[in-house]
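Please open the model in your viewer and keep the sequence panel beside it. The stops below say what to select next and what is to be found there.

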Amino acid sequence: MAAMSFQNLIHLKDFERGQVDDLMEAAFAMKRGSVDLPLFFGKKPILATFFLENSTRTKLSFAVAAKRLGAEVLDFPVSTSSLSKGESLEASFLCLEAFGVDGIVFRGSESVLTEISAKIKTPIVSGGEGNSGHPTQALLDYMSFLEDFESLKGRRLLIAGDLKHSRVFASHRELAKLMDVDLVYSGPDHFLPAEGFGSRMDFDEAIASSDMIMLLRVQKERHESDGALMDYNQKFGLNSERLQRLKASAKIYHPGPYNLGVEITEEVLKDQRCRIWDQVENGVYLRMAVLKNILGDKKQ
Ligand code: CP
């Protein structure tokens, strides 16, 4: 079995370095155009997207990735489905399996994925769950890091912002261990994460010494007043003044969606070190690599 093979992609904590390396190689091959597409003719596999929370990047890039491979996409219509009549999530997944879909991308509560994946045979990929993980976001971020830096070993990755509520940070913690990255984080006391991989650093020291600077969205829905957000920008936002202190070789990332004037400003978006839209682009190629693995890569 190839190192990359996996049945489900729910967490990165069980992943091995070889699987990440193989996924990166497959994603870069997609980006170079060196994979003969479409992969599927005749009976095309069907990918179901099942999102209980709103999404632009994850849901649509999985859909674009599936279509580029030659697969069909079926979007589970949450608001008009029988979920609104009280049908359970488990029964909804069982319906998708009975329809014969070939893979499911799910964004929902953190316990559901693990429970359901033990009950159905259809491969499931997390589209980001609660605050416990967003594996394909962390993987596409690594793809972007690898485009910018020849080797990541010992490179400093700063992740700053709403760490406690961030599924992206949770997956980066799992991945940074595998990739030998020096993970540091910064944020207000009330955003601090539980103990785990990485060490806390003063934001201004960290931006001056980091190679990769990942800003996280302040999750406005969890905060009561705009005053707290203005205060946030002064203390932890990247702005024109702080941009002067970054290394010339540093790169700036954000998983999106971003809050302009809070964790990031217009000047940052215009800075040539900002890689936000490259991350979005790489998301399609990384997800093509993931779907190639779970949907199969034999021409049919
Ligand atoms: N980064 C991310 O998960 O964005 P969406 O919520 O738009 O999918």
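**Stop one: the loop before helix 3**

Select Ser-84 and Ser-81 together: a polar atom of the Ser-84 side chain lies 2.8 Å from the backbone oxygen of Ser-81, a polar contact in the sense used throughout this tour, namely a pair of N or O atoms within 3.5 Å, where within protein one must be able to donate a hydrogen and the other to accept it, and residues adjacent in sequence count only if both atoms are side-chain atoms. Before going on, please note that this is a predicted model, in which local features need pLDDT of at least 70 and side-chain atom pairs count only at pLDDT 80 or more, while totals for chains, interfaces and linings use all residues. Residues are numbered from 1 along each chain as its sequence is written, and side-chain values use heavy atoms, with hydrogens and water left out.

Ser-84 belongs to the loop between strand 2 (72-75) and helix 3; helices (H or I, at least four residues) and strands (E, at least two) are DSSP runs, numbered from the N terminus. Ser-84 is exposed, because its relative accessible area is 56%; buried means under 20% relative accessible area, exposed over 50% and partly exposed in between, with a 1.4 Å probe and protein chains only. If you draw a distance from Ser-84 to Leu-139, which is 55 residues away in sequence, the C-alpha atoms turn out to be 34 Å apart.

Now move to Glu-90, in helix 3 (residues 89-99). With 33% relative accessibility, Glu-90 counts as partly exposed, and its C-alpha is 26 Å from that of Ala-65, a residue 25 positions away in sequence.

**Stop two: the ligand**

Which residues should be selected around the ligand? They are Ser-55, Thr-56, Arg-57, Thr-58, Arg-107, His-134, Gln-137, Pro-255 and Gly-256, where a residue is near a molecule if one of its heavy atoms lies within 4 Å of it. By class this shell has 1 nonpolar, 6 polar and 2 charged residues; Ala, Val, Leu, Ile, Met, Phe, Trp, Tyr, Cys and Pro count as nonpolar, Asp, Glu, Lys and Arg as charged, and the others, Gly among them, as polar.

Select Thr-58 in helix 2 (residues 57-69). An N or O atom of the Thr-58 side chain is 2.7 Å from an oxygen atom of the ligand, and the side chain also makes a polar contact with the side chain of His-134, at 3.3 Å. Thr-58 counts as buried because its relative accessibility is 3%. At Thr-56, a backbone N or O atom lies 2.9 Å from a ligand oxygen, and at Arg-107 an N or O atom of the side chain is 3.0 Å from an oxygen atom of the ligand. The protein covers 91% of the 260 Å² of accessible area that the ligand has on its own.

**Stop three: loops and two cis bonds**

Next, select Ser-109, in the loop between strand 3 (103-107) and helix 4 (110-117). Ser-109 counts as partly exposed, at 34% relative accessibility, and its C-alpha is separated by 8.3 Å from that of Leu-52, 57 residues apart along the chain.

Most residues other than glycine have a negative phi, and most peptide bonds are trans. With that in mind, look at Pro-38, in the loop between helix 1 (17-32) and strand 1 (46-51): the peptide bond from Leu-37 to Pro-38 is cis, with omega near 0 degrees. A cis peptide bond also joins Gly-256 and Pro-257, with omega about -10 degrees, and Pro-257 lies in the loop between strand 9 (251-253) and helix 10 (266-270).

Asp-180, in the loop between helix 6 (167-179) and strand 6 (182-186), has a positive phi near 60 degrees. Asp-180 is partly exposed, with a relative accessible area of 41%.

**Stop four: helix 9 and the loop before it**

Finally, select Arg-242 in helix 9 (residues 240-243). The Arg-242 side chain reaches the backbone oxygen of Gln-234 at 2.9 Å and that of Lys-235 at 3.1 Å. Is Arg-242 buried or exposed? Arg-242 is buried, since its relative accessible area is 5%. Asn-239, in the loop between helix 8 (226-236) and helix 9, likewise counts as buried, at 15% relative accessibility, and its C-alpha is 6.4 Å from that of Ile-264, 25 residues apart in sequence.

Conventions. Areas by Shrake-Rupley, 256 points an atom, 1.4 Å probe, with all protein chains shown as cover.
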